[in-house]
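Please open the model in your viewer and keep the selection tool at hand, since this tour goes from one selection to the next and says at each stop what is there.

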Amino acid sequence: MRRSLKLAAAVLSGSLGIASLAACGAKSTDTTNANAGAGGSGLKVGMAYDIGGRGDQSFNDSAARGLDQAKSELGATINEAEAKSGESEGDKEQRLKSLVTGGFNPVIAVGFVYQDAVNKVAKENPNVKFAIVDSFSPEQPNNVTSLTFSEEQGSYLAGVAAALKSKTKHVGFIGGVQSELIKKFEAGYVAGAKSVDPNIAIEVTYLSTPPDNTGFADPGKGKQAAQGQMDKGADVIYSAAGSSGSGAIEAVYSASGSKWAIGVDSDQASQPALSKYKDHILTSMVKNVNTGVFTFIKSAKDGSAQSGKKNFDLKDGGVSLATTGGFIDDIKAKLDAATQQIVSGATKVPTAPQG
């Protein structure tokens, strides 16, 4: 289980608040898997994952935890479907339509790549409640709720940690896809690192550019990018790249010398699939997508789901910094101070790269 705590306005023991996204369950491609809920409540929830799906150890898995919570606590029946690489908009639309025709309501789309499909299918099905994670469109129908997060705030804290722990005064950022969303991660991380050392060197690498979204699901590319940054002198590398980030973590583990990886979306040091590398994962910028997903499902069940945007920030506990391993315990006071500055509004974290 993820060992991170939500942060409110003050310093917490156990974890530090933060902001965040990165990449996008069921392991079947373009098929659905139904699972009966515990209580037979009549609540049927459909979830459409992005590439990587349940088991990506990152973004999709965080969403899946919220779905699992709805199954255990609300008695929901769940149905999951996963995107496949290189698919068309029509494929996304059909996935959502299949969930609707299967009687699932609400339906949740995980990832900004679903925005156009959600807009179309939601308009065609006004009696179904939809949510989309990490995206908002002014054109989306009134039966759509956008679940967004202040990724830049959490990434700022990750940048502070990186700069404080770097021995070479040289750090790196790897983005899965060069999108506006992932640029929020970059912007926050760079700002946080420079708040510690204005002269710190920062490598920035993106693995793919839209409409190519494979950068979220290519560990090989992530490993190669991390190795390239380390070759240039970086000794702390933060990846906002979905399952590609596991490749970056592996590269850091395999490198000589004292180097650190920073995980994203889930507490990656506590993920069984990454346990081999946990002693080289400094922290993870945890994006509590599960909180947003469960909150939305509960509101849909209660009949109180609202349209428009619901944002989860540092103050709300929407983002948090994992403390698994105790590797940032020695810099906790400085991270706490940075957290309070953000929550109070004294620090305004940029949402786009500066200069």
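In this predicted model, the lining of the second largest pocket is made up, by class, of 4 nonpolar, 3 polar and 5 charged residues. To see this lining, select Phe112, Asp134, Ser135, Phe136, Thr148 and Phe149, and then add Glu151, Ser179, Glu180, Leu181, Lys184 and Lys309. The space that these residues surround, that of the second largest pocket, has a volume of about 220 Å³.

Next, colour strand E7, which runs over 144–149, and helix H5, which runs over 180–196, since each of these elements supplies at least two residues of the lining of the second largest pocket. Helix H5 gives the largest share of that lining, with 3 residues.

Now move to the largest pocket, which holds about 280 Å³ of space. Its lining counts 17 residues, and a useful selection here is Glu87, Lys92, Val113, Pro211 and Asn213, which are the closest of them to the centre of the pocket. When the lining of the largest pocket is coloured by class, 6 residues come out as nonpolar, 5 as polar and 6 as charged.

Finally, clear the selections and look at the protein as a whole, shown first as a cartoon, in which there are 9 helices and 14 strands. How much of the protein is buried? Of its 355 residues, 59% are buried. If you then switch to a surface view, the protein exposes about 13200 Å², and carbon and sulfur atoms supply 48% of this area.

Definitions and conventions: Residues numbered from 1 in each chain as written. Predicted model: local features only at pLDDT ≥ 70, side-chain atom pairs only at ≥ 80, totals over all residues. Heavy atoms only, no water. 1 Å grid on protein atoms, 1.4 Å probe; cavity = no way out; pocket = protein on both sides within 12 Å on 5 of 7 lines; lining within 4 Å. Points joined across faces, edges and corners; volume = space filled by probe spheres on them. Nonpolar A, V, L, I, M, F, W, Y, C, P; charged D, E, K, R; others polar. Helix = DSSP H or I, 4+ residues; strand = E, 2+ residues; numbered from the N terminus. Buried < 20%, exposed > 50% of the residue type's maximum accessible area, 1.4 Å probe, protein only. Areas by Shrake-Rupley, 256 points an atom, 1.4 Å probe, with all protein chains shown as cover.
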